[in-house]
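Reader: I should like to go through this model with you and ask how each description is justified. May we begin once the structure is in view?

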Amino acid sequence: MSTETLAMVDERIKAESFVTRLMKRPELGAIGGVVLVTIFFLITADSTMFTLSGIMNFMTPAAQLGILGIAAAMLMIGGEFDLSIGSMVAFAGMLFGAFTVNIGLPLIVAIPLTMGLAGALGIANGLIVLRTKLPSFIVTLAGLFILRGASLVGLKIVTGGSTQLRGVREAVGGDFIAPIFSGDAFGWFFQWMADKGLIDTLRTGAPKVPGVPVEILWFIGFAIIATYVLLRTPFGNWIFATGGDSVAAQNSGVPVRRVKLSLFMLTAMAAALVAIITVIDAGSTDARRGFMKEFEAIITAVIGGCLLTGGYGSAVGAFFGAIIFGMVTIGLTYTKFDQDWFQIFLGAMLLLAVIFNNAIRKRVTGER
Amino acid sequence: MTAPIIHMENIKKHYGNVIALNGVTFDVMPGECHCLLGDNGAGKSTFIKTMSGVHKPNEGSITFEGRPMSFETPRDAMEAGIATVFQDLAMIPLMSVTRNFFMGREPTTGKGIFKRFDIDRANEITVQEMRKMGINLRGPDQAVGTLSGGERQTVAIARAVYFGAKVLILDEPTSALGVRQTSNVLATIMKVRAQGVGVVFISHNVRHAMAVGDRFTVLNRGQTLGTAKKGEITAPELQDLMAGGQQLAELEGSLGGTI
């Protein structure tokens with residue numbers, strides 16, 4: 001090819017500015033939201049909110065929700081919903097509690113077993129959706145009730161009548177893989193910083209923040225891996241294609257069924273991971289665990305730029321969506337506002353995000 | 001003259017007691033554009049579906065590159081080198097041109113768990129292939145939704161050719177396009193032909209067919225009414241054949257020769 005043709009430029013196309021390019025990123029809304037929410041709390045909240053301990057305070061619930069939100073985002077990009085993930089947290093928590101407390105399994109067995117069973121239930125969800133061709137919305141809505149009920153019944157069976165199962169911490173304390181799923185990481189580093197006077201310490205000389213809660217690391221790690229998979233692997237391309245138009249994807253040789261089943265499995269396993277982390281942390285599990293989390297996870301994904309129709313969205317967006325969530329939930333306690341503003345705030349955020357995403361989609365596809 | 005890439009002899013296809021194809025013979029040479037013309041319901045779609053492996057004929061034989069061939073699935077036909085660009089194009093508007101181009105056939109780099117979608121190479125190939133077809137993309141990450149209908153058609157054609165199509169079946173590629181876009185697609189067909197790919201151009205628009213076709217076969221009521229070379233037949237004659245001759249002549253009087 002000659003250099004002349006290489007230099008050919010279509011005169012009808014205006015050069016795109018950096019801002020225009022940025023405007024087309026799906027995660028833009030979520031990042032903008034984080035900035036706005038941060039500014040809001042910088043003005044209204046007590047200054048302790050943005051100290052190290054304050055940040056850990058809102059990042060911990062953000063991380064727990066974010067793990068679900070990123071999985072939900074990937075599933076939504078693939079064109080499906082899972083409304084059963086909240087109940088799955090309770091159900092997996094119940095399984096995990098029973099394995100560790102009642103049967104006394106070590107974590108190295110109990111964790112893969114819990115994850116595996118949850119994953120199998122996720123695949124079951126996917127198979128029903130694929131087989132019946134019903135909307136996943138309705139199929140997993142059934143799952144929401146079935147799993148919540150199963151958690152209640154199951155807990156009563158394993159505890160002999162109670163809906164709360166205690167003694168998990170005692171059962172798993174000292175287990176060699178417990179530090180991966182509970183407590184704080186990088187304790188030595190925080191101690192070192194405390195010794196150097198870089199961070200606040202308690203009167204005893206121990207750092208006020210003993211380390212990074214492990215769920216925050218899981219959250220960050222999951223966001224990085226999910227982003228890599230979505231943007232840099234063939235499987236990621238298949239997810240976008242499946243959600244964008246499953247017939248076109250199928251005709252182009254994308255294994256649509258396998259993609260969807262994997263994604264249903266992923267959301268269920270993400271729910272199990274959150275269950276394991278929070279159950280070890282609390283030392284007990286109950287049937288209300290994960291209540292309403294399915295909706296919060298979907299809101300996170302939508303704030304993160306996912307379209308309800310599938311085929312578009314981002315894991316980074318869901319990451320920031322979850323941080324917005326954590327900041328608003330916890331942040332209001334640092335302000336003079338009534339905490340119950342939380343839900344109003346959330347609903348408004350969701351509405352804004354959907355309207356914004358719709359506009360973005362029109363920009364991307366050039367619809368007029 | 002060289003041997004045909006694909007030769008379909010006396011193809012018959014029934015659906016129950018409905019005869020869709022009643023003995024159709026058709027072949028494609030490398031580097032030629034063979035137009036299949038016919039009115040709605042003439043059997044064009046049944047015929048291309050037989051050629052692309054979606055249907056199996058009840059009778060008749062298919063010879064591909066000199067060997068008898070029976071396609072069990074569309075996949076078989078695709079692997080042999082028969083690519084079909086259907087009207088819906090199998091394109092996803094929200095995805096970038098590159099991601100559409102390589103959908104389901106992503107090039108990879110790296111090994112084991114580091115095996116990843118080689119997006120740089122994919123982008124490079126896409127821009128290059130599209131440029132060959134005369135389209136300058138704003139960028140390989142441009143969403144397909146922002147392309148015009150003709151450009152989308154060209155992406156679909158470029159994709160088929162890049163992945164080794166020997167026979168390219170285009171199902172009514174110009175039917176939904178404007179004048180300018182139509183000429184772009186027709187120009188693309190000329191470029192594809194020049195690469196030695198046999199093109200089957202399905203249309204009911206005689207003018208578009210005349211612009212690019214080397215040979216013309218008219219289907220009417222499931223039968224071929226013969227194949228004519230370029231220059232042996234005029235547009236009005238083709239038009240007449242498609243409509244089954246006399247009815248159109250009658251109509252033409254009342255319409256004042258506007259069709």
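Reader: Against which helices do the buried residues of helix 6 of chain A pack?

Author: They pack against helix 5 (85–102), helix 7 (136–159), helix 8 (168–172), helix 9 (178–181) and helix 14 (256–282) of chain A. This is a predicted model, in which local features need pLDDT of at least 70 and side-chain atom pairs count only at pLDDT 80 or more, whereas totals for chains, interfaces and linings use all residues. Residues are numbered from 1 along each chain as its sequence is written, chains are lettered from A and ligands numbered from 1 in the order in which they are written.

Reader: Which residues of helix 6 of chain A are called buried?

Author: Among them are A:L107, A:A110, A:I111, A:T114 and A:V129. A residue is buried if 20 or more other C-beta atoms lie within 10 Å of its own, exposed if 12 or fewer, and partly exposed in between, with C-beta atoms placed from the backbone. By that criterion, 49% of the 368 residues in chain A are buried.

Reader: What makes the span of helix 6 of chain A agree with expectation?

Author: Helices (H or I, at least four residues) and strands (E, at least two) are DSSP runs, numbered from the N terminus. The expected span is 1.5 Å times one less than the number of residues. For the 26 residues of helix 6 (residues 107–132) of chain A this gives 38 Å, and the end C-alpha atoms are 37 Å apart, which agrees. Just after this helix, A:K133 takes a positive phi of about 60 degrees.

Reader: Why is chain A called as compact as a globular protein of its length?

Author: Chain A comprises 17 helices and 4 strands. Its radius of gyration, 22 Å, is close to the 21 Å from the globule rule for 368 residues, so chain A is as compact as a globular protein of that length. The radius is taken over C-alpha atoms, and the rule is 2.2 Å times the number of residues to the power 0.38.

Reader: How many residues of chain A are in contact with chain B?

Author: 26 residues of chain A are in contact with 21 residues of chain B, contact requiring C-beta atoms, placed from the backbone, within 7 Å. Helix 12 of chain A gives the most to that side of chain A, with 6 residues.

Reader: Which strand of chain B does strand 4 of chain B join in a hairpin?

Author: Strand 4 of chain B forms a hairpin with strand 5 of chain B, with 2 residues between them. These strands pair in the antiparallel sense over 3 bridges, and pairing requires that DSSP find at least two bridges.

Key
Two residues are in contact if their C-beta atoms, placed from the backbone, lie within 7 Å.
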